[in-house]
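Student: I would like to work through this structure by question and answer. Could we begin with the terms that are needed?

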Amino acid sequence: MCGVVGVAAHEPVNQILYDALTMLQHRGQDAAGIVTLQDGRLYLRKENGMVRDVFMTRHMLRLIGKFGIGHVRYPTAGTSSSAEAQPFYVNSPYGITLAHNGNLTNAASLAESLYKEDRRHLNTDSDSEVLLNVLAHEIQDLDKTHASADDIFAAVSSMYKRLEGAYGVVALITGHGLLAFRDPNGIRPLIFGERLAANGGTEYMVASESVALTGSGFSIIRDVRPGEAIFIDLEHNLHTQQCAPAKEYTPCIFEYVYFARPDSIMDNISVYKSRLRMGEKLAQKILHEWGEAHDIDVVIPIPDTSRTSAMELALKLNIKYREGFMKNRYIGRTFIMPGQQQRKKSVRQKLSAVPLEFKGKNVLLVDDSIVRGTTCHEIIQMARDAGAEKVFFASAAPPVKYPNVYGIDMPVRSELIASGHTVEEVREIIGADRLIFQDLEDLIDAVKDTKHSRVEGFDCAVFNGCYITGQINEAYLDYLQEQRSDTAKAGKKGVQVVADTPVDMTGIAEQI
């Protein structure tokens, strides 16, 4: 899972992009990058690390231009090397740079055809570089010195026919403008907005989440529709076109469970309200299965994502809600840390228990989900060490049983605790006295409960094994296991490449 942003402004965009990436930092903490466009020249800075660490004043001063894109990354198949930090660049045609959130499920076959048929070289294992080269090839096939908006949309339409999987993309085409597009199922999020510039013109932003827009003073226009592309030319004219037939509108439900910020609006659905309803549904299930004599003294969330659900759950159960864990704000999200040992080690560094809220009490810990179970076991033990009499555990999501193939780091069944284990077995493994999961039907009801969204359903593959795009078989899942397991990642060694370079239209870069 990553975060992308693109801006077409009437003022320098470096600060706007920086601010937007900080608003999207929760979507990826492994690497960050920005590319800006000025007078037919691209200016790039990307490197491993958090946004605040990657961009120093000296870097920001070099990122000149009124058009630009940005990216925050966490690795799925790739390594933690800055060689795979985005945006990626290709010099032909025109000079194109691209940032991508999602995963192409046919990346391997595309890479082969790019080499054998399109004669294009790939420098990394990233599917984002594959996507960029497919786009570049289709634009090059136009065989035009300068492409119009309609020409670019025609190239995107041809590109859609080759791609399978999920993607939200922003790209800069040198000498042309800013391009953005979304997969035909709308699995990965993408939204755009506008604001009035000081000179009276209109500025545009495209981003993974609405908070990036509203945090910079942009008003939301709407979500990019599934299969739609938008293009803002260098004169700041907005063009939109449906470039692929829209399939069933099915965004990823895990965005609402965990990834998105609670103050985001995605596909006209409030993430905050969705999580409130998750807590309400879970409270109803606790009353149904555990009864009024549930023996819970206090409800404690595992910060931060589960807070909203835990508050509503406590309210519906008429039980005290307390903050029993204090979070170290300088430790990253454990779910998206590469490698199980690093995730496990970081739990006690990230959280510390408040003994006053645990001692002698039966506590219900609430988390957004249980994926590998490693952190759950550690946190439950922390609660016992703090003096809890009994520790119950509730997940606002159903058991995660299947690999994710659309860009979330849940790739291997053997690393998913609920895969091949009953609820009772999971309870024993994590060491809880009681364990309860949300029902999938209740989760779907909690998220879709709105009159204003055009969403038809959700990608729930990690819970039910139904892959929306189809064409996912055991051979592909075995391939993912080879590429994306913690063991596989540990065996990869990335080449460290620092990118802080102006890039001209011939692709010659001076390394600084």
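Tutor: Helices (H or I, at least four residues) and strands (E, at least two) are DSSP runs, numbered from the N terminus. Contact means heavy atoms within 4.5 Å. Axes are lines fitted to C-alpha atoms, for helices over the stretch in contact, and angles run from 0 to 180 degrees between N-to-C directions. This is a predicted model, in which local features need pLDDT of at least 70 and side-chain atom pairs count only at pLDDT 80 or more, while totals for chains, interfaces and linings use all residues. Residues are numbered from 1 along each chain as its sequence is written, and side-chain values use heavy atoms, with hydrogens and water left out.

Student: At about what angle does helix 12 run to strand 21?

Tutor: Helix 12 comprises residues 374-385 and lies across strand 20 and strand 21. Its angle to strand 21 is about 145°.

Student: Which strands stand at the edges of the open sheet of five strands?

Tutor: Two strands pair if DSSP finds at least two bridges between them. The open sheet has the order 17-16-20-21-22, with parallel pairing. Each edge strand has a single partner, so one side of it is left without a neighbour in the sheet. The edge strands are strand 17 (320-321) and strand 22 (434-437).

Student: Which residue in strand 21 stands opposite Leu-364?

Tutor: Strand 20 (residues 362-367) and strand 21 (residues 390-395) run parallel and are joined by six bridges. Opposite Leu-364 in strand 21 stands Phe-392.

Student: Over which rings does the charged end of Arg-434 sit?

Tutor: A charge sits over a ring if NZ of Lys or CZ of Arg is within 6 Å of the ring centre and within 35 degrees of the ring normal. For Arg-434, one ring has its centre 5.6 Å away, that of Phe-392. The other, at 4.9 Å, belongs to Trp-290.

Student: Which residues touch the most other members of the largest nonpolar core?

Tutor: A nonpolar core is a set of buried Ala, Val, Leu, Ile, Met, Phe, Trp, Tyr and Cys residues joined through side-chain atoms within 4.5 Å. Buried means under 20% relative accessible area, exposed over 50%, and partly exposed in between (1.4 Å probe, protein chains only). This core has 41 residues, and the members that touch the most others are Phe-254 and Phe-463.

Student: Which helix gives the largest share of this core?

Tutor: The elements that give two or more residues include helix 9 (271-290), helix 14 (440-448) and helix 8 (254-259). The largest share is five residues, and it comes from helix 8.

Student: Why is the pair of Tyr-258 and Phe-259 classed as it is?

Tutor: Rings of Phe, Tyr and Trp (its six-membered ring) pair if their centres lie within 6.5 Å; planes under 30 degrees apart count as stacked, over 60 as edge-to-face and the rest as tilted. Both Tyr-258 and Phe-259 are buried. Their ring centres are 5.1 Å apart and their planes stand at 80°, so the pair is edge-to-face.

Student: Is His-236 buried or exposed?

Tutor: His-236 lies in the loop between strand 12 (228-233) and strand 13 (238-242). Its phi is near 70°, a positive value in a residue other than glycine. With a relative accessible area of 13%, His-236 is buried.

Student: Which residue does a cis peptide bond join to Gln-86?

Tutor: Most peptide bonds are trans. Here omega is about 5°. The partner lies in the loop between strand 4 (67-73) and strand 5 (88-90), and the residue joined to Gln-86 is Pro-87.
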